Amino acid sequence: MYDYIIIGAGSAGCVLANRLSADPSNRVLLLEAGPRDWHPFIHMPAGLAKLVGRKGVNWDYDTEPEPALGGRRLWWPRGKVLGGSSSINAMCFIRGHRADYDEWAALGATGWDYASVLPYFRRSQNQERGADEWHGSGGPLNVADLRHRNPLSQVFLDAAAELGLPLNRDFNGAIQEGFGWYQVTQRNGARCSTAVAYLAPARERGNLTVVTRALARRVLVEGGRAVGIEYARGGRVHRAETSREVILCGGALNSPQLLMLSGIGPADHLRAHGLAVTADLPGVGANLQDHLDACTLYRATRPITYDRTNDLRVALEFYLFRRGIGTSNIAEAGGFLRSRLAPDARPDIQFHFVPAMLDDHGRNRLPGYGFTLHACGLRPESRGRLELASADPAAKVRIFPNYLSDPEGRDLATLVECVKLSRGILGAKAFAPFRGDEIAPGREARDDAAIAAFIRRKAETIYHPVGTCRMGRDDGAVVDPALRVRGVEALRVVDASVMPKLIGGNTNAPTVMIAEKASDLILGRAAA
């Protein structure tokens, strides 16, 4: 018997495990489907390139065929390890635009406006630059400037300045728009995942039990109340019970899947898979949103990129001295820009510059040297959904992102603009000594129609799925603003799936914030 059972030791679950177990009277169980975060590539930041496709730490999802993308199945990597996706991501610390959270509140997520969530961003942080109005110090999650920067990343910023684009030292300060260096979730040059920041300090507490390689099968509900969890481990089915709450922290894919496996979701869909309906919630699995990304690639005329590095030397320099290429997050510089298509005053495009050639998430290694500029539309209007493949908990959920499906075609038009702007930056004089031939989109893609065809052929996720257990007050919401599942007592969802809309940027820091605020909601504490 536990007071709290947390499903998923990812970006949110590790935060809750720490905060809920801080009171020694709370007995907390944390279940994770993946292994411990032992792999050395997890902790060496540049090792993320080596984690691509490593199934031992990755759920390794593929979408269903995407109609607007030529019927392609897109690869969606998600962390399956302590720390979740914070153990395999590029570590960019981005809060989003202040208006993103005011918009959440306007959509019914009362108490999640910018003024209400900023204290939780600050509480989570140890900002190495020091505390100020927007940043905190002394928190678990270390936020640092990069120790190593490739010369081409500075050339990228020089090119932006050459074009008259604003430079920005702090994307998380007073103004988001502009180009600059990303700050990263690193400590002493190593990855600072939520497993490192939050879970490791709490592991020795006698009231916290962590079980890895445990696949949740269903939430146990009796009399309309969550009373425990059933999970599989080591070929056996186990049962754990709670006296207070079950908290799902599986992320935008796994949390809605587990709800549906537990009979909580669209009634007709559940019955079609032979599942008894506990709560008819049509919003479970709906409202799926993600940032779609277009990459512009050029060959480099000089061998200064990360395409052909001496892996042994990189590893030795990192593990012996915590310096060098091993400390790089690869996506070192980037920016936020308000394009001519922006629907409001917020930036609608984000850039990540990579001093290496990336094709198909880096799974396709191209010969030679080059550099890549990722660009994504931050405010997609397209909405997708999730469906169960079967009632088998081990079966992967079916993913229908429905990219570029918005009726007015704004999402595609924004991505075309992304490519044009990327070409403009990479075509600046600053890149002249380093710029070779254009690999993608390629010389043949000159007009908007050809660029759009390239996008349909090559665009990929930039790993920001959210929204499938949306919070709000309307009938389509899955959780209320306190993150309690509607129609079932003692059950909450705490992860990126509760976001009503995508924020304008990377989603890891906002997920940590959600869990920080949730810990106060669960414990009945006053707001930070």
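In this predicted model, the side chain of T327 places a polar atom 2.8 Å from the backbone oxygen of G324. T327 belongs to the loop between α10 and β17, the latter spanning residues 333–337. With a relative accessible area of 0%, T327 is buried, because the cut-off for that class is under 20%. Beyond residues up to four places away in sequence, T327 touches P45, L146, R147, H148, Q186, G189, F318 and R322.

The helix that precedes this loop, α10, comprises residues 311–321 and contains L312. L312 counts as exposed, at 58% relative accessibility. Together with L316, L320 and F321, L312 makes a nonpolar surface patch of about 450 Å². A salt bridge joins the side chains of E317 and R323, with an N to O distance of 3.6 Å. Both partners are classed as partly exposed: R323 has a relative accessibility of 46%, and E317 has one of 29%.

Two other helices show how burial can be distributed around an axis. In α5, which covers residues 114–124, the buried residues are Y114, V117, L118, Y120, F121 and S124. These residues lie on the same side of α5, because they cover an arc of only 165° around the axis. The elements that cover them include α4 (98–106), β5 (125–127), β6 (141–143), α7 (194–202) and α13 (508–523).

Helix α12, residues 448–458, has I451, A452, F454 and I455 buried. Viewed down the axis of α12, these residues fall within an arc of 155°, so they line one face of the helix. Among the elements that cover this face are β16 (292–300), α11 (410–426) and β22 (435–440). The loop between β22 and α12 holds P441. The peptide bond joining A440 and P441 is cis, with omega at about 0°.

Helix α12 also takes part in a salt bridge, formed by K458 and D359, whose closest N and O atoms are 2.7 Å apart. K458 lies in α12 and D359 in the loop between β18 and β19, so the pair ties together parts that are 99 residues apart in sequence. The two partners differ in burial class: D359 is buried, with a relative accessible area of 13%, whereas K458 is partly exposed, at 34%. Elsewhere, salt bridges that share partners join D100, E103, D344, R346, R379 and K501 into one network. A search of the whole structure finds 37 salt bridges.

The loop that holds D359 also contains H361, between β18 (349–354) and β19 (370–377). Although H361 is a residue other than glycine, its phi is positive, near 65°. H361 counts as buried, with 12% relative accessibility. A490 likewise has a positive phi, of about 60°, and is not a glycine. A490 is located in the loop between β23 (460–461) and β24 (491–493), and counts as buried at 14% relative accessibility.

The strands offer further examples of side-chain pairing. R217 and E230 form a salt bridge in which the closest N and O atoms are 2.9 Å apart. R217 lies in strand β11 (residues 215–222) and E230 in strand β12 (residues 225–233), and the two are 13 residues apart. At 29% relative accessibility, R217 counts as partly exposed, while E230 is buried, with a relative accessible area of 16%.

Strand β13, residues 236–248, contains E241. The side chain of E241 makes a polar contact of 3.2 Å with that of R239. E241 counts as partly exposed, at 34% relative accessibility. Leaving aside neighbours within four places in sequence, E241 is in contact with M1, Y2, I5, V227 and G228. The C-alpha atoms of E241 and Y4 are separated by 8.8 Å, although these two residues stand 237 residues apart along the chain.

Methods. Residues numbered from 1 in each chain as written. Predicted model: local features only at pLDDT ≥ 70, side-chain atom pairs only at ≥ 80, totals over all residues. Heavy atoms only, no water. Patch = residues over 30% accessible without salt bridge, like charges linked within 9 Å, V, L, I, M, F, W, Y side chains within 5 Å. Areas by Shrake-Rupley, 256 points an atom, 1.4 Å probe, with all protein chains shown as cover. Salt bridge = Lys/Arg side-chain N within 4 Å of Asp/Glu carboxyl O. Helix = DSSP H or I, 4+ residues; strand = E, 2+ residues; numbered from the N terminus. Buried < 20%, exposed > 50% of the residue type's maximum accessible area, 1.4 Å probe, protein only. Polar contact = N/O pair within 3.5 Å; in protein donor to acceptor, adjacent residues only side chain to side chain. Contact = heavy atoms within 4.5 Å. Arc of directions from axis to C-beta.
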